[in-house]
Amino acid sequence: MPESTSGFSSSPDLENGADDTIGASNINQASTFDSLQQASCSSCEIQDDKSAYWTPPLYYQHSNGSFEEVHNDGMTVYYLGRGNDKNIQPFPPGFRMVSGNKNARSYNKQALIPGSDRPIADRVSFACLDANPSKEQPGMTETNCKNGLRAQVHFQSCWNGKDLYKPDNSHVEYMSGLDNGVCPPTHPVPLMHIFFEVLYGVNDINKDGGRFVFSQGDTTGFGFHGDFLNGWKPEVLAAAIPQCGSTNDGDVDDCAPFKPSLDPKFSKTCPELPSLLSEPIHGMIDKLPGCITITSGPQDATDADYTCGAGKSDLKLLNSTVNAAQNLTGAAATTLIAKASAAKASVTNVSARKATTTKITAAAKATPSSKVSDNDDDDTKINRRALKGEPLKARGLPHKLAQEDDYDYSYDIPTTTTRGTPVVYGSPAPHHRRNGHYKFYSP
């Protein structure tokens, strides 16, 4: 099934780089299935799909050190009814998964798909679209592509049937053939096979001897990855799978369960929301968003490559700041909580960061000055609500958001399949907006 999605937008993750996101208009780092259902619209053509789809943006580092955002024409999301078991189940509310390893900087031949001799790393591939298209490659080896460089990632299609999400993604597994085959006994529940395509306009860049680099500092392409957070209206997806998942057309306009919520003007009715973040992410910028060290492998990137400054794991400042804030009121407490928040951002260890967040939230709730006031300007309201763990309702959030702190990208996934030309829906959206597309079928 192709679905049109228009409305990529950006927001940097201060540690792990920026992500392009399409989907529900209210996506944020704390999004849940229930919160996504409250979105006023989706940047997808099917408005009953309030899911969130993430991929990293691509930049070109010029010879003078500056970075230029590479335009992409949006994402095509394939929902493929593949696999030997045709009793395919809809994604349950709250389900999420990640495919790809953001830290990878080389092709891992050793990690194999269970029950197969195929490397998991095949989940990611690149196609250089030129007059004479070359064979798909697992890395970003060719970038002189007249019709664009297409990055691709396959998702897991087998679920353990109980966990909606696990940080190491062990709740899901790949089919034996990556995009087809059988599910392992440990993950017996078949799901629709999701496959992303993102087309980057690499030849729109005035190349001057520089290099292409993804937002997490990856010059190789082996670290390309995608995230999926389910936001489908359950009854719609449940009806569409048996009715449309076995057809060969893929046109969502021909799928009856989708028709009531199809919005052909989605690129205009659900526009990109303004970023709340001050760090530049579009156009020509001086540095990659966040605290990114560019790495080219062959060894994987590490936490240190996403570290801002020294003393990242030192929690002394954090603990003392939180303790002090709990005993103060007024402007002094607000300042100390801000310092604690900055200390939290400097912690790279996931478990330490979570513990830090808990402490800061407790300090904020215990401090009178952290309460939102009608006299606060929008930025202050947003900062205070963020500290208190409340939804950021003061302004709309951008579609392009940071990755979840607890995502584990330790997996590597495969990607090579012959596919038809995606059906294109809608027209290109204005400045920094891209179209996305759905395909829902069984090719």
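A disulfide is taken here as a pair of cysteine sulfur atoms within 2.5 Å. I applied that cut-off to a predicted model, and these entries follow what I looked up.

**Entry 1: cysteine 158 and cysteine 183**

I started with cysteine 158 and cysteine 183, whose sulfur atoms lie 2.1 Å apart and form a disulfide. I then looked up the torsion about their S-S bond, which is about -85°, so the disulfide is left-handed. Cysteine 158 belongs to strand β11 (residues 158–159), and cysteine 183 to the loop between β12 (172–173) and β13 (189–190), so the bond ties together parts that are 25 residues apart in sequence.

I checked the exposure of both ends. Cysteine 158 has 0% relative accessibility and counts as buried. Cysteine 183, at a relative accessible area of 24%, is partly exposed. The limit for buried is under 20%, so cysteine 183 with its 24% does not count as buried.

**Entry 2: the other disulfides I followed**

I noted that a search of the whole structure gives 4 disulfides. I wrote up further pairs among them.

Cysteine 41 and cysteine 270 form one of these, with 2.0 Å between their sulfur atoms. The S-S torsion of cysteine 41 and cysteine 270 is about 75°, so I noted a right-handed disulfide. The pair links distant parts of the chain, 229 residues apart: cysteine 41 sits in the loop between α1 (33–37) and β4 (52–55), and cysteine 270 in the loop between α3 (266–269) and β17 (284–285). Both ends came up as buried: cysteine 41 has a relative accessible area of 12%, and cysteine 270 has 0% relative accessibility.

Cysteine 244 and cysteine 255 also form a disulfide, their sulfur atoms 2.0 Å apart. I found a torsion of about 90° about the S-S bond of cysteine 244 and cysteine 255, so this disulfide is right-handed. Cysteine 244 is in helix α2 (residues 234–244) and cysteine 255 in the loop between α2 and α3, with 11 residues from one to the other. Cysteine 244 is buried at 6% relative accessibility, and cysteine 255 is buried with a relative accessible area of 2%.

I then looked for the partner of cysteine 44. Cysteine 44 is in no disulfide, and the nearest cysteine sulfur, that of cysteine 270, is 8.6 Å away. The cut-off is 2.5 Å, so the 8.6 Å from cysteine 44 to the sulfur of cysteine 270 does not qualify. Cysteine 44 is itself buried, with a relative accessible area of 0%.

**Entry 3: the chain as a whole**

I counted 7 helices and 18 strands in the chain. Of its 443 residues, 56% are buried. The chain exposes about 17,800 Å², and carbon and sulfur atoms supply 52% of that area. I also looked up how far apart in sequence the contacts reach: among contacts with a separation of 6 or more, 77% are between residues 24 or more positions apart.

**Entry 4: nonpolar cores**

In soluble globular proteins, nonpolar side chains tend to be buried together. I looked for such groups here. The largest nonpolar core has 47 residues, and Tyr53, Tyr79, Phe91, Ile194, Tyr200, Phe224 and Phe228 touch the most other members. Elements that each supply at least two residues of this core include β5 (58–61), β7 (72–80), β9 (124–128) and β14 (193–200). Helix α2 gives the most to this core, with 5 residues. I found a second, separate core of 9 residues, among them Tyr59, Val213, Ile292 and Ala301.

**Entry 5: cavities**

I searched for enclosed space and got 2 cavities of 30 Å³ or more. I followed up the second largest cavity, with a volume of about 40 Å³. Its lining includes Phe126, Ala127, Cys128, Lys135, Met140, Glu142 and Leu149. Strand β9 provides the largest share of the lining of this second largest cavity, 3 residues.

**Entry 6: glutamine 110**

Is glutamine 110 buried or exposed? With a relative accessible area of 67%, glutamine 110 is exposed. I placed glutamine 110 in the loop between β8 (96–99) and β9. From glutamine 110 to alanine 121 I noted 9.1 Å, C-alpha to C-alpha, with the two 11 residues apart in sequence.

Conventions:
Residues numbered from 1 in each chain as written. Predicted model: local features only at pLDDT ≥ 70, side-chain atom pairs only at ≥ 80, totals over all residues. Heavy atoms only, no water. Helix = DSSP H or I, 4+ residues; strand = E, 2+ residues; numbered from the N terminus. Buried < 20%, exposed > 50% of the residue type's maximum accessible area, 1.4 Å probe, protein only. Contact = heavy atoms within 4.5 Å. Areas by Shrake-Rupley, 256 points an atom, 1.4 Å probe, with all protein chains shown as cover. Core = buried A, V, L, I, M, F, W, Y, C linked by side-chain atoms within 4.5 Å. 1 Å grid on protein atoms, 1.4 Å probe; cavity = no way out; pocket = protein on both sides within 12 Å on 5 of 7 lines; lining within 4 Å. Points joined across faces, edges and corners; volume = space filled by probe spheres on them.
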